[in-house]
2 protein chains.
Amino acid sequence: MSYTIDMKNVIEQWSVFEANFDGPEQGNPFIDVILSAEFRSGTKSATVNGFYDGDGVYRIRFMPDSPGEWTFCTNSNVKSLNEKSGGFICVSPSAGIHGPVRVKNQFHFKYSDGKPYFPVGTTCYAWIHQTEELQERTLQTLSGSPFNKIRMCVFPKHYDYNHNEPSRYPYDGSLKAGFNFQRFNPSFFRHLEQRILGLQKLGVECDLILFHPYDRWGFSAMGSQNDDLYLQYIVSRLSSFRNIWWSLANEYDIMERTISGHSGTPSKVPGDWDRFAQIIQKNDPYHHLISIHNCMRMFDHKKSWVTHCSIQRMDVYKTSENTDEWRREFGKPVVIDECSYEGNINHGWGNITGQEMTRRYWEGMLRGGYVGHGETYVHPQEILWWSHGGELYGTSPSRIAFLKKIIEDAPAEINPISKSQDGIDMNWDVTVGTVGEDFFLYYFGFNQPSFRTFRMPEGKGYHIDIIDTWDMSIIPLSGVFSNQFRIDLPAKQYIAIRMTAIR
Amino acid sequence: MSYTIDMKNVIEQWSVFEANFDGPEQGNPFIDVILSAEFRSGTKSATVNGFYDGDGVYRIRFMPDSPGEWTFCTNSNVKSLNEKSGGFICVSPSAGIHGPVRVKNQFHFKYSDGKPYFPVGTTCYAWIHQTEELQERTLQTLSGSPFNKIRMCVFPKHYDYNHNEPSRYPYDGSLKAGFNFQRFNPSFFRHLEQRILGLQKLGVECDLILFHPYDRWGFSAMGSQNDDLYLQYIVSRLSSFRNIWWSLANEYDIMERTISGHSGTPSKVPGDWDRFAQIIQKNDPYHHLISIHNCMRMFDHKKSWVTHCSIQRMDVYKTSENTDEWRREFGKPVVIDECSYEGNINHGWGNITGQEMTRRYWEGMLRGGYVGHGETYVHPQEILWWSHGGELYGTSPSRIAFLKKIIEDAPAEINPISKSQDGIDMNWDVTVGTVGEDFFLYYFGFNQPSFRTFRMPEGKGYHIDIIDTWDMSIIPLSGVFSNQFRIDLPAKQYIAIRMTAIR
């Protein structure tokens, strides 16, 4: 077989090559037609699925992970789609393109090109189901925010403050007449893709929630066969987007039948999640990150398909303070995607202060985890960032940006202080993030010490900054500190001390 | 045998009758002389121990628990002290005398006359070891405070901020020459008694800590025999004081050999506590409350001699929020005697804000427990309330007084909301104290809801007050509320709602 590469077909590494073909419209192309392609470059090869995009159009998308000439050949049960071939040139990516995010050093993340990635996420569950104008405003807000990951649902959301009808549905049908769970609505998915690309342009990872329980349309209870069809379809469409993360569910435990008295339609059994993960893994040649998010019951994140923990607060009082414990328990990156929301709504998960949100960020990040933001201030038009997007009104985002810079400025990823460094547990009452002996970040949280004494590793000298994490000031102390010394502190809450070893 | 009652010997119920006798001075009267007396009134009888008070004087003290004629007869191994008899008239107590505190309804407390007692404690470990002037100032401060219980040590304290030498020692000897642990210093104990009576006058219960690890004199490591002698002596002297509670130890686990690297002299083995409790029970005919206080490891408060839990914070973030869990676990009153200290010292246990101290009070008291206060602000003369007494500088005591009034005003003791009242766990995010269906106290802590909806027991109407626990305001809502309704709230921290059923 010979391949023709159109030399005008030039794609940047980690961008999307798309080949389109005309094919059958009759029957149910979403089910009847099988289409895939094998992509090759030198000794490399990858098989990707195509998908039906309506109007007799079939598409195959591919994200190359290395520069060079790439060719492909299709395989289909439909003659007009079978053994189609072609190719493209992949060139090195331009600045700002770093590829999909991977796990780094067991507990952290990096882009595929090695650049560190520190997740600083937020949540806007149903932002793609709001008016176009509001969606644009959400992207605008994100562009001026510290957030580089967003949790968002494919399906619309039915819950308190969420009663509007979306303008597009993922399936043929209507709320009144019901939906055909075997006929996707391609325009819905094209819109979804447009929004994912909008995020990509801003450098925001899309943590895409595939199932959730807050539903009045039936999308949470389509039955196993339709669930599987949906997963295969969406993964075939989206896996070539470099900023995709797969989140199997928001509040998986609410979707199982084990918790009574909660809203939503319980519709999943525990084994479903393993099967879903297998379907994704089988259809995603790029191995995007996969997680699953809890409500009241921790998921067993030790399962092999879970790339990182995605955790919601299960206790009113203590959440990100458990980060180091969860690292030990699961041996994976800990992302506390919901530590509660800054806001003032009636629900306890949605009415913490900006100070408390910021404190939870510091407590989690210094323990070598990653914390997610969210916001739920009462709004006259019921536009709450948490679900609708729009504007941010809270006081935490600027403080989160301040912390993000401090994390980025550290010599490497931060891990919690080890017991051996801790000596006789002198730090039981302070949270300490470290980079070996080169960097220490002490955080006193809601405590308000007026001074503190330190005993540092012998033979090392440190520059010291006093950081007010709320006022966002960094005051360097003059001189070099070593061995044992005392540091005076302002006797107020939310103070940190940064110690950076002199090289 | 005939008894002579001196009709001028009139004692109020729950006050102290004292009979004094001259006896031998030679040898070691603390060890050589055995002295007790049997007191009788009608069919009642009680045996109490006497004690040697130095200078050839022996004393027998007795606290009558009912009015009427009481007679006694002594028993001794010394002839001049044997078969001494006498008596007194016990009259009803005057206002303000309510007798020793007892456990009420499994989780609460009352005085012996049935009056409810709500412990609102504080801690001044070493106040009796400071200057006389400072001791008087401490009593003065207590008299204007909400506190009706104080944790205090018999022995002096050696620790950060505590390096002064006391003016009296409980034993013959000196720091330099050592102490004779078999020869008590009666003037030390007379002074201690004077201070306990000073507290009694103010209505303050004395939670007397019998052993503690912070020691440079050897009192924490006297050996079993001397420990036992000490307990017998002090219980014989003090058990007739109605405001005595026995606390076997501060930080019992630091006194055991199981925790390494901590200051203090580890000197006790786990079995010691049971033996100590037996000695107290044998020598205290009044059955005063007995507890034991932890540092990092919870004591097994299920042991039969423990009358109530005396708990120190073991977690930086979550303490009094565990109250209902501890009630279930131990089945006894939960007194969180150390939830951290309001202050600004270097140690994490001693630098929480007044807001956080107040919050911890509310979280514990609404869950049907009792929380203790303490204060550790840096002071130019190192006079910190926590150990030295003196003045209170913090912002929490006035808020604790405000809460105390609310607790006293409730129709009965507050218990945490039961699961059956809780319905489908609608209150997971709010702390709710109740008195059946007659009284509900909701507390939102650090959350800041702008409104809340309620579903109350059918057929009941409630008066509602909005309480700002920090600003100390109580705003009654007009009207009567029943069934389901919404309450608007000020969207700030530390707000409570009180609902009182209309009779």
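The legends below describe several close-up views of a predicted model.

**View 1. Helices α8 and α10 of chain B pack against each other.** Helix α8 of chain B covers residues 354-365, and helix α10 of chain B covers residues 396-409; the two pack at an angle of about 20°, with their axes 9 Å apart. Because angles under 35 degrees count as roughly parallel, α8(B) is described as roughly parallel to α10(B). The crossing of these two helices, α8(B) and α10(B), is right-handed. On the α8(B) side, the residues that meet the partner helix are B:Gly354, B:Met357, B:Thr358, B:Tyr361, B:Trp362 and B:Met365, while α10(B) contributes B:Ser396, B:Arg399, B:Ile400, B:Leu403 and B:Ile407. Sorted by class, the contact of α8(B) with α10(B) holds seven nonpolar, three polar and one charged residues.

**View 2. Helix α7 of chain A has a buried side and exposed residues on the other side.** In this helix, which spans residues 323-330 of chain A, the buried residues are A:Thr323, A:Asp324, A:Trp326, A:Arg327 and A:Phe330. These residues lie on the same side of α7(A), because the arc that they cover around the axis is only 160°. On the other side of α7(A), the residues A:Glu325 and A:Arg328 are exposed. The elements of chain A against which the buried residues of α7(A) pack are the strands β17 (309-312), β18 (334-338) and β22 (415-416), together with the helix α8 (354-365). After the helix α7(A) comes A:Gly331, and the phi of this glycine is positive, near 65°.

**View 3. Helices α4 and α6 of chain B lie side by side.** The first helix named here, α4 of chain B, runs over residues 224-238, and α6 of chain B runs over residues 270-283; they pack at an angle of about 30°, and their axes are 9 Å apart. The helices α4(B) and α6(B) are therefore roughly parallel to each other, and their crossing is right-handed. In the contact, α4(B) is represented by B:Asp228, B:Leu231, B:Gln232, B:Val235 and B:Ser236, and α6(B) by B:Phe276, B:Ile279, B:Ile280 and B:Asn283. By class, the residues in the contact of α4(B) with α6(B) are five nonpolar, three polar and one charged.

**View 4. Helices α4 and α6 of chain A also pack together.** In chain A, helix α4 (residues 224-238) and helix α6 (residues 270-283) have axes that come within 9 Å and cross at roughly 30°. The two helices α4(A) and α6(A) are therefore roughly parallel to each other, and α4(A) passes α6(A) in a right-handed crossing. The residues A:Asp228, A:Leu231, A:Gln232, A:Val235 and A:Ser236 of α4(A) meet A:Phe276, A:Ile279, A:Ile280 and A:Asn283 of α6(A). The contact of α4(A) with α6(A) divides into five nonpolar, three polar and one charged residues.

**View 5. Chain B and chain A touch each other.** The contact takes 30 residues from chain B and 30 residues from chain A. On the side of chain B that touches chain A, strand β25 (residues 451-455) of chain B gives the most, with three residues. The residues of this side of chain B comprise 13 nonpolar, 12 polar and five charged.

**View 6. B:His308 is a buried residue in a loop.** The loop that holds B:His308 lies between β16 (290-291) and β17 (309-312) of chain B. B:His308 counts as buried because 24 C-beta neighbours lie inside 10 Å, and 20 or more are needed for a residue to be called buried. Although B:His308 and B:Pro333 are 25 residues apart in sequence, they are 4.9 Å apart in space, C-alpha to C-alpha. Leaving aside neighbours within four places in sequence, B:His308 is in contact with B:Val103, B:Leu289, B:Ser291, B:Lys332, B:Pro333 and B:Val335.

**View 7. B:His287 and B:Asn483 have positive phi values.** Most residues other than glycine have a negative phi. B:His287, which is not a glycine, has a positive phi of about 55°, and B:Asn483, also a residue other than glycine, has a phi near 55°. B:His287 is placed in the loop between α6 and β16 of chain B, whereas B:Asn483 is found in the loop between β27 (473-476) and β28 (484-488) of chain B. B:His287 is exposed, with 12 other C-beta atoms within 10 Å, and B:Asn483 is likewise exposed, with 12 other C-beta atoms within 10 Å.

Notes: Residues are numbered from 1 along each chain as its sequence is written. Chains are lettered from A and ligands numbered from 1 in the order in which they are written. This is a predicted model: local features need pLDDT of at least 70, side-chain atom pairs count only at pLDDT 80 or more; totals for chains, interfaces and linings use all residues. Axes are lines fitted to C-alpha atoms, for helices over the stretch in contact, and angles run from 0 to 180 degrees between N-to-C directions. Helices (H or I, at least four residues) and strands (E, at least two) are DSSP runs, numbered from the N terminus. Angles under 35 degrees count as roughly parallel, over 145 as roughly antiparallel, 65 to 115 as roughly perpendicular and the rest as oblique. A crossing is left-handed if the near helix is turned anticlockwise from the far one by less than a right angle, and right-handed if clockwise. Two residues are in contact if their C-beta atoms, placed from the backbone, lie within 7 Å. Ala, Val, Leu, Ile, Met, Phe, Trp, Tyr, Cys and Pro count as nonpolar, Asp, Glu, Lys and Arg as charged, and the others, Gly among them, as polar. The arc is that of the directions from the helix axis to the C-beta atoms.
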